[in-house]
Amino acid sequence: MEHHFFAYISRMRFIQRWGLMRNTLPENDMEHALQTAMVAHCIAVMGNVRYQKHYNPEHVMALAVYHDSSEVITGDLPTPIKHHNPAIKTEYNKLEELAAQQLLSMLPPDLREYYTPLIAHRENTPEWRLVKAADRICAYIKCLEERKAGNLEFEQARKSVKKSIDQIDLPEVQDFMSECVPGFTLTLDELSEE
């Protein structure tokens, strides 16, 4: 029997992010997933090394790889629509759950239990909190990159996302913001000088 999970999930590259915004460089869900995974992994490592946390960085990274996987079925609903109307948010969450179950059904039955925590994740875990923080950081990075390219379309989003990150009470998140994010404002020549 054929199983189409990976063929389907590979279509994340066709899901464009920031659909209501004018982008200088379009971003898709697959690119975003990789960046989020790298950021989340580093935050987990920082938490373990600096703050004696007990994260599993590789699990956090895997969660981040699949964190938007349901969007391959639902599409990426713009944030102003998804998060600013409680009724829409509730219904969209239900739709995401159905999409996650549909994706899981595309896996061989003996593998589903291994992918369920990644695709149909519990959002109240410390690891998921890191993934959501990394997701916000990647949104902030996107805003910085658009501003660097002269696009002011993302300026309000930059302020809003930064405010939400500042409210995250995890020192490892704040460390990543202060130590790793400033480089995204630099040019290649400036990065190469250091």
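Guide: Angles between axes under 35 degrees count as roughly parallel, over 145 as roughly antiparallel, 65 to 115 as roughly perpendicular and the rest as oblique. This is a predicted model, in which local features need pLDDT of at least 70 and side-chain atom pairs count only at pLDDT 80 or more, while totals for chains, interfaces and linings use all residues. Residues are numbered from 1 along each chain as its sequence is written, and side-chain values use heavy atoms, with hydrogens and water left out.

Visitor: Why are α2 and α8 called oblique to each other?

Guide: The axes of α2 and α8 come within 8 Å and cross at roughly 120°, where axes are lines fitted to C-alpha atoms, for helices over the stretch in contact, and angles run from 0 to 180 degrees between N-to-C directions. Such an angle falls in none of the parallel, antiparallel or perpendicular ranges, and α2 and α8 are therefore oblique to each other. Their crossing is right-handed, the term for a near helix turned clockwise from the far one by less than a right angle, anticlockwise being left-handed.

Visitor: What makes the contact of α2 with α8, by class?

Guide: Contact means heavy atoms within 4.5 Å, and here the residues include Val-39, Ala-40 and Ile-43 of α2 together with Ala-134, Ile-137 and Ile-141 of α8. By class, the contact of α2 with α8 has ten nonpolar, three polar and one charged residues, with Ala, Val, Leu, Ile, Met, Phe, Trp, Tyr, Cys and Pro counted as nonpolar, Asp, Glu, Lys and Arg as charged, and the others, Gly among them, as polar.

Visitor: What makes α3 oblique to α8?

Guide: The axes of α3 and α8 come within 9 Å and cross at roughly 55°. That angle lies outside the three named ranges, which makes α3 oblique to α8. The contact is made by His-59, Val-60, Leu-63 and Ala-64 of α3 and by Glu-127, Trp-128, Leu-130 and Val-131 of α8, and these residues divide into six nonpolar, one polar and one charged. In passing α8, α3 makes a right-handed crossing.

Visitor: How do you know that Val-60 counts as buried?

Guide: Buried means under 20% relative accessible area, exposed over 50%, and partly exposed in between, for a 1.4 Å probe and protein chains only. Val-60 has 0% relative accessibility, and therefore counts as buried. Val-60 lies in helix α3, and, not counting residues up to four places away in sequence, touches Ala-40, His-41, Ala-44, Glu-127, Leu-130 and Val-131. Among the other buried residues of α3 (residues 57–66) are Pro-57, Leu-63 and Tyr-66.

Visitor: Why is Thr-125 called buried?

Guide: Thr-125 has a relative accessible area of 17%, which is under 20%, so the residue is buried. Thr-125 lies in the loop between α7 and α8, helices being DSSP runs (H or I, at least four residues; strands are E, at least two) numbered from the N terminus. A polar atom of the Thr-125 side chain lies 3.0 Å from the backbone nitrogen of Trp-128.

Visitor: What makes α9 oblique to α10?

Guide: The axes of helix α9 (residues 155–166) and helix α10 (residues 171–179) come within 10 Å and cross at roughly 140°. Because roughly antiparallel requires an angle over 145, α9 is oblique to α10. The contact is made by Lys-162, Ile-165 and Asp-166 of α9 and Val-173, Gln-174 and Met-177 of α10.

Methods
Polar contact = N/O pair within 3.5 Å; in protein donor to acceptor, adjacent residues only side chain to side chain.
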